[in-house]
Amino acid sequence: MSRSIFLVGPMGAGKSTIGKLLAAQLQLPFADSDKVLEERTGADIPWIFDVEGEAGFRRRESEVLRDLCHGPTQVIATGGGIVLMEENRQLLRTYGLVVYLQASTEQLLERTSKNANRPLLNVADPRARIIELVQQRDPLYREVADIICDTDHCTPKQAALMVAERLSQDATSQ
């Protein structure tokens, strides 16, 4: 496989967890764009949101994506909002194969409830916020997706196997 594999989807869909497993399975390096961003800035995402706002974070996120696109072939977990900027959607389509990991609101809420490192969910009603974000972003995820996988009723390992199988089918059908 000569193109990177980008995992897109909402917070809690399993992009990082499934991405690591998928990378191991495909014997490719793994990168998490949020982790790369934090390592570069020396600051965590909530701090960047506090100091620079969402616009500053999105600018930094785009820079990281651009660099990852020009790096080695790898599995890349992206941040949930990576698709908001047209420039990013173009990069995803141009430089890789895009897998949209989707999950139900209940699953997303359950998976994100244990992690305080999600500034967009620091609101009175995280469930309503998840619904709003998914409604806003789902069309954009679908726009860039080569493959769509539902992660609701499977373990991360099962989801990684499913994605690998779909990638294999996709490669043989071309």
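Let me begin with strand β4, which covers residues 96-102 and is mostly covered, since seven of its seven residues are buried. Please keep in mind, as we go through this, that we are looking at a predicted model.

Strand β4 has two pairing partners to talk about, and I will take them in turn. With strand β1, residues 4-8, it pairs in the parallel sense over five bridges, and one place to find this pairing on the screen is V8, whose bridge partner in β4 is Y100. With strand β5, residues 147-150, strand β4 also runs parallel, and here four bridges join the two; if you look for L101, you will see that C149 in β5 stands opposite.

Now let us turn to helix α4, which spans residues 86-95, and to two of its residues. L92 sits in this helix, and because its relative accessibility is 0%, while buried means under 20%, L92 counts as buried. What is L92 in contact with, if we leave aside its neighbours within four places in sequence? The answer is F6, V8, L65, T78, I82, V83, V98 and V144, so that V8, the residue bridged to Y100, comes up again here. For I82 we also have a distance, because it lies ten residues from L92 in sequence, and the two C-alpha atoms are 9.4 Å apart in space.

The second residue is R89, also in helix α4, and its relative accessibility of 9% is why it, too, counts as buried. Not counting residues up to four places away in sequence, R89 touches V83, L84, L140, E143 and V144.

Notes:
Residues are numbered from 1 along each chain as its sequence is written. This is a predicted model: local features need pLDDT of at least 70, side-chain atom pairs count only at pLDDT 80 or more; totals for chains, interfaces and linings use all residues. Side-chain values use heavy atoms; hydrogens and water are left out. Buried means under 20% relative accessible area, exposed over 50%, partly exposed in between (1.4 Å probe, protein chains only). Contact means heavy atoms within 4.5 Å. Two strands pair if DSSP finds at least two bridges between them.
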